[in-house]
Structure formats: structure tokens, C-alpha cells
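Here are two short exercises to work through with the model open. Take them step by step, and try each task before reading its solution.

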Amino acid sequence: MTERRYRRIQEVLSKRQPDLSIMAEDVYKPHNLSAMLRTCDAVGIGEVYAINPTGGIPTYNETSGSAEKWIHLTVFKTLQEAHTLVKSRGMQIFAAHLSDEAVDYRDVDYTLPTCVLFGNEKRGVSNEAAELADQHIIIPMLGMVQSLNVSVATAVILFEAQRQRRDKGMYNAPRLGSELIKRQTFEWLYPKEASQLVRDEKAYPELNEEGLYKK
Ligand code: SAM
């Protein structure tokens, strides 16, 4: 059982894309954020940014597959803080935004370090965020309604990013460092023990081929 889970975790971490992420700007409906995280997990995103003026961690929707267990979510109070961090990580920012200057979401390069920004369910992307973005992208809408649900837009765009990265072989070899993979594996396989070791300021033990360690 442990060995199977260990192998699965290794497989998942070997596909993670440290230079692909999303930023959710004041997305306030928990089920939307949960669905966005679920999509992120599916395409290999492990780190997500959210801007929530209260600074609080949004409540999740229990029915959405609990992707939040596998995603590291950092919540910022302001757009500026989130923008500074993402830029310090060398990512271009695409705002999924229904503006006149937006280009088709299939015509941009997601194989470069990229963070895609999504806006609030009612107001969309703020003017400030739209200005800070490097590019606006749009999913063409050919029907009567003006926009998609934010989690649907996230899925459409991220699976295009996944396609481009797959075609470039970016899922063929691990892109996370080996130390990070070891650390994350231990935390996912042994969450309680990992928390205790962190509290005790002790290093995580090495795992053997079956995902076991000497206690
Ligand atoms: N009334 C809002 C507006 O004018 O932007 C609609 C917001 S929409 C429900 C929520 C978010 O989903 C948007 O801010 C955008 O990030 C994303 N989104 C929805 N449809 C989209 C589309 N066709 N192209 C790009 N992004 C879209």
C-alpha cells in the first residue's frame, strides 16, 4: 500500500512544472477556487497564488476532489505583493481578460515561465492587474453569453499550456529539484510525521525504494 502510494507520488512529482502557475484575483466563490486548483493539479501545477483583500485563506469546497492537499496556495492581500513575487520568479503574466487588446489564448507561448491571471466572478480582472500583465489572452466566445465561468476558463487555458509543454517534452523528465521531490514525497506520504519533525526542527529521514524509513 505504502509502496504503491510512494510510486504514485513520485510519478506525480516528476510531472510538476515549477515555472507554470496561476493567480486568482479575488475569486471569492470557494467552489470556483477549488475547481481551479483541481485543474492545476491535473496539468502539473504545484504552486498557486491568490489575491484576497482580507488575506484569509478561502474556504474550499469539500466535493471538489480535495486538490488543495496537493497544491501549495499562497494568499496575498494585494495585487502588488503577488505581482512582485511572480516577477521575481521570472514569469511572464498573461491576464485572461476580455479586453480589446487580448489575443487568442492559443497564440501565446506557455512553454516559457508563465503565470496566468484570472479575475473576479463579477468584475473580472481589475484595471490595475490588466495594466501590470504582459499580455491579455481571450478564449473566443461565439455565442450569446459574454464570458465563461472562471474555473472553466482556467481549464481551457491550462490544458492548452499542457499541450504545448507536452509537445516540447517538458513532462518527460522531472523539473523539480531532487531535494524538493524528496521533501514533498515525505510530506505527502507521512504528513503527521513531517509536521512533528518540522516542529522539532529535525530533518526528514531518507525513504527506501518502498517508501519506508527506519523509525
Ligand atoms: N463580467 C466579467 C468581465 O467582464 O470580465 C466576467 C468575469 S468572468 C465570469 C471571470 C473570469 O474568468 C474573467 O475575469 C477571466 O479571467 C475568465 N474568463 C471568463 N471567460 C473568459 C474568456 N472568454 N476569455 C478569457 N478569460 C475568460
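**Exercise 1.** Work out what joins domain 1 and domain 2, starting from the salt bridge between Asp-41 and Arg-16.

*Solution.* Step one: the side chains of Arg-16 and Asp-41 form a salt bridge at 2.8 Å, N to O (a Lys or Arg side-chain nitrogen within 4 Å of an Asp or Glu carboxyl oxygen). This is a predicted model, where local features need pLDDT of at least 70, side-chain atom pairs need 80 or more, and totals for chains, interfaces and linings use all residues. Residues are numbered from 1 along each chain as its sequence is written, and side-chain values use heavy atoms, without hydrogens or water.

Step two: place the residues. Domain 1 covers 1-16 + 174-215 and domain 2 covers 17-167 (bounds from an automatic or database domain assignment). Between the two domains, the salt bridge count is two.

Step three: get the area. The domains bury about 710 Å² between them, 47% of it on carbon and sulfur atoms (accessible area, 1.4 Å probe, lost on being put together, summed over both). Arg-16, Arg-175 and Trp-188 supply 78% of what domain 1 buries against domain 2.

**Exercise 2.** Describe how helix α6 packs on helix α7.

*Solution.* Start with the geometry: the axes of α6 (residues 178-189) and α7 (residues 191-199) come within 5 Å and cross at roughly 120 degrees (lines fitted to C-alpha atoms over the stretch in contact, angles from 0 to 180 degrees between N-to-C directions; helices are DSSP runs of H or I, at least four residues, numbered from the N terminus).

Then list partners: α6 residues including Phe-186 and Trp-188 meet α7 residues including Leu-197 and Val-198 (contact: heavy atoms within 4.5 Å).

Methods. Buried area = accessible area lost by both parts, 1.4 Å probe. Helix = DSSP H or I, 4+ residues; strand = E, 2+ residues; numbered from the N terminus.
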